[in-house]
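Work through the exercises below with the model open. Try each task before reading its solution.

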Amino acid sequence: MNENKEIFLCAICNIESGTCNEDCKFCTQSVKYKADIQRYKQKDIEQIVKEAKRAKENNANGFCLVTAGKGLTPKRLEFVCEAARAVKKENLGLILIACNGTATVEQLQTLKEAGVDAYNHNLETSQDFYSQIVTTHTWEERYQTCKNVKEVGLRLVCGGIFGLGETQEQRVSMLESIASLDPMNVPLNFFHPNSALPIVENSVTRQEAFELIELTRKMIPNAKKIMVAGGRELMFGEEQYKIFDRGANAFVIGDYLTTAGRSAQEDIDELERLGFKITRECNK
């Protein structure tokens, strides 16, 4: 499906880790499940800039500042803006993405003024299944945040996670909701089990995962990027680069939020060996 074999890479920077009070059953960032992960309030700004430079060296064209927690508090907003301004000051040519939970129009406008180009807020799953995996906030709050992103003129990055025990009908429902928001990019995550979490296994098979990528491309044809994010290595194993034959044209390079990814150089080497072109153009 990816006829021109042009691949986009994105790097994630976990600037606040494991401090979330929400109860999302799929997320190790929640303090409720006491998963064995690294936890900290604010990553040093110099370290964030260092990671941005490394992302650029690894051919990423997107760099995402991620925080833990339901949404933007005044203190968190100030910190994300400080990090955004520091990264932008380096003139790295990266699309700067913020992923900080629920946000108001005013908060998103502040991020935009600080240099943020896009905002990532995933619906996670379908509206009718959401209450079975999260009880501390609603699906509707997530959807409204995505509408707020569009209102302020930021690029919307909106996707979800598969393998939480949802039905195929609920997966289709989630994709319909994402499509209604007309996002620029759609990240697809595949549940990565952790013994501390209430959900103990991924309910999606590899074949189903490939088919879900195809379905996403079919249902959200206007998205510039269909990105395979968390769970890529575990879900697809030695077949992970076949995602580009199914409609994906982007993935996360390097580590994820609380799990390690394949080394960036291994991915780059393999993409080049397979004849893919890694784009560094940020206007696409």
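**Exercise 1: Strand 3 and its neighbours**

Strand 3 is covered on both faces: I95, I97 and C99 on one side, and L96 and A98 on the other, are all buried. Buried means under 20% relative accessible area, exposed over 50%, and partly exposed in between, with a 1.4 Å probe and protein chains only. Helices (H or I, at least four residues) and strands (E, at least two) are DSSP runs, numbered from the N terminus.

This is a predicted model: local features need pLDDT of at least 70, side-chain atom pairs count only at pLDDT 80 or more, and totals for chains, interfaces and linings use all residues. Residues are numbered from 1 along each chain as its sequence is written, and side-chain values use heavy atoms, with hydrogens and water left out.

Task: How many residues of strand 3 are buried, and which strands pair with strand 3?

Solution.
- Step 1. Count the buried positions. Five of the five residues of strand 3 are buried, so the rest of the structure largely encloses this strand.
- Step 2. Recall the strand rule. In a regular strand, side chains alternate between the two faces of the sheet.
- Step 3. Find one partner. Strand 2 runs parallel to strand 3, joined by five bridges. Two strands pair if DSSP finds at least two bridges between them. V66 has C99 in strand 3 as its bridge partner.
- Step 4. Trace the connection. From strand 2 the chain crosses through helix 2 to strand 3, a right-handed β-α-β crossover. Right-handed means that, with the strands pointing away from the viewer, the path from the first strand over the helix to the second runs clockwise.
- Step 5. Find another partner. Strand 4 (residues 118-120) is parallel to strand 3, with two bridges. Y119 in strand 4 is the bridge partner of A98. Strand 3, helix 3 and strand 4 form a right-handed β-α-β unit.

**Exercise 2: Two helices**

Task: Which residues of helix 2 are buried, and what covers them? Then repeat the analysis for helix 5.

Solution.
- Step 1. Check the length of helix 2. Its 16 residues (74-89) reach 23 Å from first C-alpha to last, close to the 22 Å expected at 1.5 Å a residue. The expected span is 1.5 Å times one less than the number of residues.
- Step 2. List the buried residues of helix 2. They are R76, L77, F79, V80, C81, A83, A84, A86 and V87.
- Step 3. Name the cover. It includes helix 1 (45-57), strand 2 (62-66), strand 3 (95-99) and helix 3 (105-113).
- Step 4. Look past the end. N91 follows helix 2 and has a positive phi, near 55 degrees.
- Step 5. Turn to helix 5. Its buried residues are Q170, R171, M174, L175, S177 and I178. Down the helix axis they fall within an arc of 160 degrees, so they line one face of helix 5. The arc is that of the directions from the helix axis to the C-beta atoms.
- Step 6. Find what they pack against: helix 4 (139-152), strand 6, strand 7 and helix 6 (206-219). Contact means heavy atoms within 4.5 Å.
- Step 7. Check the residue just after helix 5. D182 takes a positive phi of about 50 degrees.

**Exercise 3: Strand 7**

Task: Which way do the residues of strand 7 point, and in what sense does the strand pair with strand 6 and strand 8?

Solution.
- Step 1. Sort the side chains. N185, P187 and N189 point one way, V186, L188 and F190 the other, and all are buried.
- Step 2. Pair with strand 6 (residues 160-162). The sense is parallel, over three bridges. G160 stands opposite L188.
- Step 3. Pair with strand 8 (residues 225-228). The sense is again parallel, over four bridges. N185 has K225 as its bridge partner.
- Step 4. Add the helix. Strand 6, helix 5 (residues 168-180) and strand 7 make a right-handed β-α-β unit.

**Exercise 4: Aromatic rings**

Task: How many aromatic pairs does the whole structure hold, and which rings form a cluster with F162?

Solution.
- Step 1. Count. The search finds seven aromatic pairs. Rings of Phe, Tyr and Trp (its six-membered ring) pair if their centres lie within 6.5 Å; planes under 30 degrees apart count as stacked, over 60 as edge-to-face, and the rest as tilted.
- Step 2. Take F162 and F190. Their centres are 5.8 Å apart and their planes at 40 degrees, so the pair is tilted. The two lie 28 residues apart, F162 in strand 6 and F190 in strand 7. Both are buried.
- Step 3. Take F210 and F236. Their centres are 4.8 Å apart, with planes at 45 degrees, so this pair is tilted.
- Step 4. Assemble. Ring pairs link F162, F190, F210 and F236 into a cluster.
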